[in-house]
Amino acid sequence: SVHSGSGSSTTRMRLLADPRSLSSESLPSAVHSTKSNHTGDESVINVKVGLFSDGPGDIQLWMAPVKSQERMREKIVEYLPPHPRSQWPLTANILDPVRLALVCSGPKHVLQTVLWFVNSQETTGLTVTRVKNKFLLSECEVQDGYRDVALNVLFEDKPSGLKIIAEIQVHDLELHQLKLRMHKLYKVKRAHNPSLI
């Protein structure tokens, strides 16, 4: 998703599906270097970018697998009546079938990364449809008290007209490290039965 507009839409989709295909040709000129590794189901790519006002900085790209049909069915159930967003089609509530997280070293870089996506929509080919800044929400509106900035972006393959919505989470490094420690508790909390843990 940190892709320059010079490449094809096929290249963008390949990057979303397989981050290991990331190469210098498929990155914007602001990217200086990359290093990949794998953590569980997620691929992590360490990137040094020149997008920040205080010079080049590091971003971690956490590429999650495509959301499974089973997980999407579980999520749809959460929006059944009497949920306030229980309008047809319920699948419209699934805004992250394809997703990744960008982990920045500090709140200043979080803000500048979000602004880069908002200001580079024509270049990236990703239309920002929503910005959810959880730092602005009240305590009761934030799940488990965790805060980040989530962007929903719309990708359209121009030749075919096919579209897909995706989520890009932009995290502060220290908060993200805390989230990783909280994740096992989150899995227990959302599981409907022990086999799902």
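**Order of elements.** I started by walking along the chain of this predicted model. From the N terminus, I read the elements as α-β-β-β-α-β-α-α-β-β-β-α. That gives me five helices and seven strands.

**Confidence.** Next I checked how far the predictor trusts itself. The pLDDT averages 80 over the chain, and 72% of the residues reach at least 70. Residues 1-30 are a weak spot, with pLDDT below 50. Still, in the model this stretch makes 58 contacts beyond near neighbours in sequence.

**Inside and outside.** How many of the 197 residues count as buried? I got 39%. For the outside, I noted an accessible surface of about 11700 Å², with 55% of it belonging to carbon and sulfur atoms.

**The core.** Nonpolar side chains tend to be buried together in soluble globular proteins, so I went looking for a core. The largest nonpolar core here has 24 residues. Ile59, Leu61, Leu102, Phe117, Leu151, Ile168 and Val170 have the most contacts inside it. I then asked which elements give two or more residues to this core. My list has one helix, helix 3 (107-119), plus strand 2 (42-49), strand 3 (57-63), strand 4 (98-104), strand 5 (126-133), strand 6 (149-157) and strand 7 (162-172).

**One residue up close.** I picked Leu151 and skipped its neighbours within four places in sequence. Its contacts are Val114, Phe117, Val128, Arg130, Val131, Ala166, Glu167, Ile168 and Val170. I spotted Arg130 and Glu167 among them, too.

**Contacts across the chain.** Last, I took contacts between residues at least 6 apart in sequence, and 49% of those join residues at least 24 apart.

Key
Residues numbered from 1 in each chain as written. Heavy atoms only, no water. pLDDT = per-residue confidence, 0-100. Contact = heavy atoms within 4.5 Å. Core = buried A, V, L, I, M, F, W, Y, C linked by side-chain atoms within 4.5 Å. Buried < 20%, exposed > 50% of the residue type's maximum accessible area, 1.4 Å probe, protein only. Helix = DSSP H or I, 4+ residues; strand = E, 2+ residues; numbered from the N terminus. Areas by Shrake-Rupley, 256 points an atom, 1.4 Å probe, with all protein chains shown as cover.
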